[in-house]
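The report below walks through a set of helices, their contacts and their cysteines. Please keep the sequence and the structure in view while reading.

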Amino acid sequence: MDTFCYTKQIRDLREDHDYTQRYVASYLGTSQTMYARYERGANELPIHHLISLCTLYHVSSDYILGISTQ
(Lines give C-alpha, C1' and ligand atoms only; values in the text may rest on other atoms or scores of the structure.)
Protein backbone atom coordinates (compact mmCIF):
# COMPACT_ATOMS: atom_id res chain seq x y z
CA MET A 1 0.00 0.00 0.00
CA ASP A 2 1.24 3.49 -0.85
CA THR A 3 2.16 5.32 2.35
CA PHE A 4 0.75 8.58 1.02
CA CYS A 5 -2.43 7.31 -0.63
CA TYR A 6 -4.40 9.63 1.65
CA THR A 7 -2.88 12.73 0.07
CA LYS A 8 -5.05 12.44 -3.04
CA GLN A 9 -8.11 11.71 -0.91
CA ILE A 10 -7.75 14.79 1.29
CA ARG A 11 -7.07 17.01 -1.72
CA ASP A 12 -10.04 15.58 -3.65
CA LEU A 13 -12.36 15.92 -0.65
CA ARG A 14 -11.29 19.53 -0.14
CA GLU A 15 -11.82 20.37 -3.80
CA ASP A 16 -15.17 18.52 -3.94
CA HIS A 17 -16.38 20.70 -1.06
CA ASP A 18 -14.96 23.88 -2.64
CA TYR A 19 -12.81 24.54 0.43
CA THR A 20 -9.50 26.34 0.27
CA GLN A 21 -6.38 25.00 1.92
CA ARG A 22 -6.55 28.04 4.20
CA TYR A 23 -10.08 27.12 5.33
CA VAL A 24 -9.21 23.49 6.08
CA ALA A 25 -6.00 24.53 7.83
CA SER A 26 -7.96 26.95 10.01
CA TYR A 27 -10.47 24.18 10.82
CA LEU A 28 -7.57 21.95 11.86
CA GLY A 29 -5.88 24.71 13.83
CA THR A 30 -2.74 24.66 11.71
CA SER A 31 -1.18 26.87 9.05
CA GLN A 32 -2.01 26.76 5.36
CA THR A 33 1.63 25.93 4.68
CA MET A 34 1.53 22.88 6.95
CA TYR A 35 -1.76 21.70 5.48
CA ALA A 36 -0.31 22.03 1.97
CA ARG A 37 2.57 19.82 3.15
CA TYR A 38 0.03 17.17 4.23
CA GLU A 39 -1.59 17.25 0.78
CA ARG A 40 1.80 16.92 -0.94
CA GLY A 41 2.94 14.15 1.38
CA ALA A 42 5.89 16.19 2.64
CA ASN A 43 4.61 15.72 6.22
CA GLU A 44 2.53 12.87 7.56
CA LEU A 45 -0.98 13.73 8.65
CA PRO A 46 -1.30 13.50 12.45
CA ILE A 47 -4.05 11.22 13.74
CA HIS A 48 -5.90 14.09 15.44
CA HIS A 49 -6.08 15.89 12.09
CA LEU A 50 -7.29 12.70 10.41
CA ILE A 51 -10.13 12.49 12.94
CA SER A 52 -11.01 16.16 12.37
CA LEU A 53 -11.06 15.68 8.59
CA CYS A 54 -13.41 12.71 8.99
CA THR A 55 -15.75 14.97 10.94
CA LEU A 56 -15.45 17.85 8.47
CA TYR A 57 -16.17 15.69 5.43
CA HIS A 58 -18.50 13.14 7.09
CA VAL A 59 -16.42 10.19 5.91
CA SER A 60 -14.62 7.34 7.65
CA SER A 61 -10.92 7.21 8.28
CA ASP A 62 -10.86 4.07 6.14
CA TYR A 63 -12.12 6.17 3.22
CA ILE A 64 -9.44 8.84 3.67
CA LEU A 65 -6.74 6.19 4.07
CA GLY A 66 -7.87 4.40 0.91
CA ILE A 67 -8.92 1.21 2.72
CA SER A 68 -12.55 1.45 1.68
CA THR A 69 -14.49 3.28 -1.02
CA GLN A 70 -17.24 4.50 1.32
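## Arg14 in helix 1

Arg14 has its place in helix 1, and the model in which it is seen here is a predicted one. Although arginine counts as a charged residue, Arg14 is buried, with a relative accessible area of 10%. Once its neighbours within four places in sequence are left aside, Arg14 is in contact with Tyr19, Thr20, Gln21, Val24, Tyr35, Glu39 and Tyr57.

## Helix 1 against helix 3

The axes of helix 1 and helix 3 come within 7 Å and cross at roughly 125 degrees. That crossing makes helix 1 oblique to helix 3, because an angle of this kind lies outside the range of 65 to 115 degrees counted as roughly perpendicular and is not over 145 degrees, where roughly antiparallel begins. From helix 1 the contact is made by Tyr6, Thr7, Ile10, Arg11 and Arg14, and from helix 3 by Tyr35, Tyr38, Glu39 and Arg40. Sorted by character, the residues of this contact divide into 4 nonpolar, 1 polar and 4 charged.

Arg14 thus appears again, as one of the residues that helix 1 brings to this contact, and Tyr35 and Glu39 of helix 3 are among the residues that Arg14 touches.

## The two sides of helix 2

Which residues of helix 2 are buried? In this helix, which covers residues 21-28, they are Gln21, Val24, Ala25 and Leu28. They cover an arc of only 100 degrees around the axis, and therefore they lie on the same side of helix 2. The general background is that an α-helix has 3.6 residues a turn, so residues three or four places apart point the same way. On the other side of helix 2, Arg22 and Ser26 are exposed.

The buried residues of helix 2 pack against three other elements, namely helix 1 (5-16), helix 3 (32-40) and helix 4 (47-57). Two of these buried residues, Gln21 and Val24, are also found among the contacts of Arg14. Helix 2 is followed by Gly29, and the phi of Gly29 is positive, near 75 degrees.

## Leu13 and His49

Leu13 is also found in helix 1, and at 6% relative accessibility Leu13 counts as buried. If residues up to four places away in sequence are not counted, Leu13 touches Tyr57, Val59, Tyr63 and Ile64, and Tyr57 is likewise one of the contacts of Arg14. Leu13 and Leu53 are 40 residues apart in sequence, yet their C-alpha atoms are 9.3 Å apart in space.

His49 has its place in helix 4 and is buried, with a relative accessible area of 5%. Leaving aside its neighbours within four places in sequence, His49 is in contact with Leu28, Thr30 and Tyr38. Of these partners, Leu28 is one of the buried residues of helix 2, while Tyr38 takes part in the contact of helix 3 with helix 1.

## The cysteines

How many disulfides does the structure hold? It holds 0 disulfides. The sulfur of Cys5 is 13 Å from the closest cysteine sulfur, which belongs to Cys54, and this is too far for a bond, because a disulfide requires a pair of cysteine sulfur atoms within 2.5 Å. Seen from Cys54, the closest cysteine sulfur is likewise that of Cys5, at 13 Å.

The two cysteines are assigned to separate classes of accessibility: Cys5, at 23% relative accessibility, counts as partly exposed, whereas Cys54 is buried, with a relative accessible area of 13%.

Definitions and conventions:
Residues numbered from 1 in each chain as written. Predicted model: local features only at pLDDT ≥ 70, side-chain atom pairs only at ≥ 80, totals over all residues. Heavy atoms only, no water. Buried < 20%, exposed > 50% of the residue type's maximum accessible area, 1.4 Å probe, protein only. Helix = DSSP H or I, 4+ residues; strand = E, 2+ residues; numbered from the N terminus. Arc of directions from axis to C-beta. Contact = heavy atoms within 4.5 Å. Axes fitted to C-alpha atoms, helices over the stretch in contact; angles between N-to-C directions. Parallel < 35°, antiparallel > 145°, perpendicular 65-115°, else oblique.
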